[in-house]
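Dear colleague,

I am handing over the structure below and would be glad if you could look through it when you have time. My notes on what was found in it follow after the display.

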Amino acid sequence: MLTWRDLMWSVWRLLRLSFQIVFHRKLLFMGGGILVYYAILYALAVFRPGEGFSAIQALHILVEAPGTVLAIYLTMDLVAGERDRDTLEVLFSTSASHYKIWMVRLLSVYVVLGVSLVAMSTLSYFLFAEFLVVEGALNAFLPAFLVANLTFFFSVTFRSGNAAGMLSLGFLILILLASSSLRDTPYFLFLNPFDPPIGVDDTLWEDQVLVNRAGVAVLGCVLLFLALRRMEGRERLLS
């Protein structure tokens, strides 16, 4: 019988292996891309200060938008990468449930997303505009969580990392195009709870924010469940 120490050591080894498999060199490119993005925005803020952005805009431009793009980047080839390395069928042949295997992989994605969003929120606070660092990162995590699961669903459905990335990016573009009409409604993916619309009662706004954030979280979980069910159907075909 395993002791708690052995169990925790096994879990740690599994998580470390999952990090190595899922991310490989992604973290290096991810960090470089974020630094370049922030360097460009900082240069624009220094040399063209009249065209800067407010604290409300900063949360969207500096944390939420890059966070969702990061979610696509980390998730789009999660399945295709296993297939390219000829390890996908090996996963299906293991004694562990595929739910456990993929949840560990996705958990590693969520952890990296959360840490990255906190880091981006902190960096934005010191370089660009003052806003609630932790609350801003948590608010940005929910859209990133939904988009990550949407990308995972696309990657399982179409069995292509590029197709999953393009479809998720198209979804983001549609959301941004409709932002002007959805911004102050409970249906906007990037709803900013710290910017209530003028004339709306505070209690009503809090209810709208709660409905919006709960809806995004539930939809993300539903997409994750549907993707895992599709993966289970694929496993049955191979068994």
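In which helix is S124 found? Before the answer, please keep in mind that this is a predicted model, and that everything below was computed from it. S124 is found in helix α6, which covers residues 98-127. With a relative accessibility of 0%, S124 counts as buried, because the cut-off for that class is under 20% relative accessible area. Leaving aside neighbours within four places in sequence, the contacts of S124 are with Y38, L62, V63, A129 and F131.

Helix α6 holds another serine of interest, S116, and here too the side chain invites a question: is S116 buried or exposed? S116 has a relative accessible area of 10%, and therefore it is classed as buried. Not counting residues up to four places away in sequence, S116 touches M30 and L70.

As for the overall picture, the protein has 10 helices and zero strands, so that, read from the N terminus on, the elements run α-α-α-α-α-α-α-α-α-α. Of the 239 residues in the protein, 41% are buried. If one takes the contacts between residues at least 6 apart in sequence, 76% of them join residues that are at least 24 apart. The accessible surface of the protein comes to about 13600 Å², and carbon and sulfur atoms account for 68% of that area.

Turning to the interior, the largest nonpolar core has 50 residues, among which L113 and F152 touch the most other members. At least two residues of this core are supplied by each of α2, α3, α4 (78-84), α6, α7 (133-158), α8 (161-177) and α10 (202-238), and α7 gives the most, with 13 residues. This may be read against a general tendency, namely that in soluble globular proteins nonpolar side chains tend to be buried together. Once neighbours within four places in sequence are left aside, L113 is in contact with G67, L70, A71, L74, F141, A144 and A148; L70 is also one of the residues that S116 touches.

Helix α7 is also the place of N139, which is buried, with a relative accessible area of 6%. Apart from neighbours within four places in sequence, N139 is in contact with L59, E64, L191, P193 and R213. The C-alpha atoms of N139 and V63 are separated by 9.6 Å, although the two residues are 76 residues apart along the chain; V63 appears as well among the contacts of S124.

A second pair of this kind involves G33, whose place is in helix α2 (residues 26-47). G33 is partly exposed, with a relative accessible area of 37%, and its C-alpha atom is separated by 9.8 Å from that of P66, the two being 33 residues apart along the chain.

Finally, there is the matter of open space: which residues are the closest to the centre of the second largest pocket? About 240 Å³ of space lies in this pocket, and of the 13 residues that line the second largest pocket, the closest to its centre are I56, H60, R183, N192 and D195. Helix α3 (residues 55-75) gives the most to the lining, with five residues. By residue class, the lining divides into six nonpolar, three polar and four charged residues.

With best regards

Definitions and conventions
Residues numbered from 1 in each chain as written. Predicted model: local features only at pLDDT ≥ 70, side-chain atom pairs only at ≥ 80, totals over all residues. Heavy atoms only, no water. Helix = DSSP H or I, 4+ residues; strand = E, 2+ residues; numbered from the N terminus. Buried < 20%, exposed > 50% of the residue type's maximum accessible area, 1.4 Å probe, protein only. Contact = heavy atoms within 4.5 Å. Areas by Shrake-Rupley, 256 points an atom, 1.4 Å probe, with all protein chains shown as cover. 1 Å grid on protein atoms, 1.4 Å probe; cavity = no way out; pocket = protein on both sides within 12 Å on 5 of 7 lines; lining within 4 Å. Points joined across faces, edges and corners; volume = space filled by probe spheres on them. Nonpolar A, V, L, I, M, F, W, Y, C, P; charged D, E, K, R; others polar. Core = buried A, V, L, I, M, F, W, Y, C linked by side-chain atoms within 4.5 Å.
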